[in-house]
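Open the model in your viewer and keep the selection box at hand. This tour goes stop by stop.

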Amino acid sequence: MTWFIIAIIAPFLWSIVNHADKYLLSKHESESSVGSLMIFSTFAGIVVVIFAPLFTDSLAIPLYQAGVLILSGILAASGIMMYLYALEHEETSMVVPFMQLIPVFGYIFAYLILGETLTSNQIIASLIIIFPDFLIATPSIVNSIV
């Protein structure tokens with residue numbers, strides 16, 4: 001039974017972080033609220049970059065791999081920024097389900113870019129994830145058009 005407690009800890013902590021982000025955004029309703037939260041959200045990455053050379057031989061990686069890592073960090077920070085802007089304008093319960101689409105996009109990009117084949121179980125699982133998100137988004141799309 002301890003496996004269940006361990007398995008439920010990550011989603012529980014993630015939900016706390018989502019609601020804390022929404023609270024911080026709603027408490028500081030200025031134009032710089034997303035920017036200030038971006039600084040705190042990306043601070044952990046900055047700390048790792050500063051202290052990683054002390055514990056590893058991380059400076060010995062090729063320039064190409066360093067560029068890919070930097071690009072990955074920029075894309076991750078951009079994703080956090082888009083999440084915070086969405087959270088600023090919508091409720092947490094509307095934004096968080098769309099974060100579940102990350103593995104679906106991983107499957108799609110793996111198929112298109114890397115040439116991987118998707119199994120029928122992966123396609124069905126992706127559709128199971130996409131369908132509720134479509135149901136959640138439909139009223140928002142209709143209301144924004146009207």
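Does Leu 24 count as buried, partly exposed or exposed? Select Leu 24 in helix H1. Its relative accessibility is 34%, so Leu 24 counts as partly exposed. Keep in mind that the model is predicted. Now add Ser 36, twelve residues along the chain from Leu 24. The two C-alpha atoms are separated by 10.0 Å.

**The whole chain**

Zoom out and colour by secondary structure. The chain has six helices and zero strands. Followed along the sequence, the pattern reads α-α-α-α-α-α. There are 146 residues, and 15% of them count as buried. Switch on the surface. The accessible surface of the chain is about 11,300 Å². Carbon and sulfur atoms account for 76% of that surface. Next, think about contacts between residues at least 6 apart in sequence: 71% of these join residues at least 24 apart.

**Leu 25**

Go back to helix H1 and select Leu 25. Is Leu 25 buried or exposed? Leu 25 is buried, because its relative accessible area is 3%, and the cut-off for buried is under 20%. Show what surrounds Leu 25. Leaving aside neighbours within four places in sequence, Leu 25 is in contact with Ser 33, Val 34 and Leu 37. Leu 84, Leu 87 and Glu 88 also touch Leu 25. Draw a distance from Leu 25 to Leu 87, C-alpha to C-alpha. The two residues are 62 apart along the chain, yet these atoms are separated by 7.8 Å.

**Helix H3**

Leu 87 is one of the buried residues of H3, so named along with Ala 77, Tyr 83 and Leu 84. Select residues 63-89 to see the entire helix H3. What span does H3 reach from its first C-alpha to its last? The 27 residues reach 39 Å, close to the 39 Å expected at 1.5 Å a residue. Now show what covers the buried residues of H3. The cover includes helix H1 (2-27), helix H2 (33-55) and helix H4 (92-99).

**Thr 92**

Move to helix H4 and pick Thr 92. Thr 92 is buried, with a relative accessible area of 6%. Which residues does Thr 92 touch, not counting those up to four places away in sequence? Show Asn 18, His 19 and Lys 22, then Leu 87 and Pro 97. Leu 87 also appeared at the Leu 25 stop, as a contact of that residue.

**The aromatic pair**

Colour the aromatic side chains. A search of the whole structure finds two aromatic pairs. Select Trp 3 and Phe 4 for one of them. Their ring centres are 5.9 Å apart and their planes stand at 85°, so the pair is edge-to-face. Check exposure next. Trp 3 counts as exposed, at 61% relative accessibility. Phe 4 counts as partly exposed, at 40%.

**The nonpolar patch**

Keep Trp 3 and Phe 4 selected and add Ile 5, Ile 8, Ile 9, Phe 12, Leu 13 and Ile 16. Together these residues make a nonpolar surface patch of about 830 Å². Finish on Ile 16, in helix H1. Is Ile 16 buried, partly exposed or exposed? Ile 16 is partly exposed, with a relative accessible area of 42%.

Conventions: Residues are numbered from 1 along each chain as its sequence is written. This is a predicted model: local features need pLDDT of at least 70, side-chain atom pairs count only at pLDDT 80 or more; totals for chains, interfaces and linings use all residues. Side-chain values use heavy atoms; hydrogens and water are left out. Helices (H or I, at least four residues) and strands (E, at least two) are DSSP runs, numbered from the N terminus. The expected span of a helix is 1.5 Å times one less than its number of residues. Buried means under 20% relative accessible area, exposed over 50%, partly exposed in between (1.4 Å probe, protein chains only). Contact means heavy atoms within 4.5 Å. Rings of Phe, Tyr and Trp (its six-membered ring) pair if their centres lie within 6.5 Å; planes under 30 degrees apart count as stacked, over 60 as edge-to-face and the rest as tilted. Patches are made of residues with over 30% relative accessible area and no salt bridge: like charges are joined within 9 Å, nonpolar side chains (Val, Leu, Ile, Met, Phe, Trp, Tyr) within 5 Å. Accessible areas come from the Shrake-Rupley method with a 1.4 Å probe; for residues, only the protein chains shown count as cover. A salt bridge is a side-chain nitrogen of Lys or Arg within 4 Å of a carboxyl oxygen of Asp or Glu.
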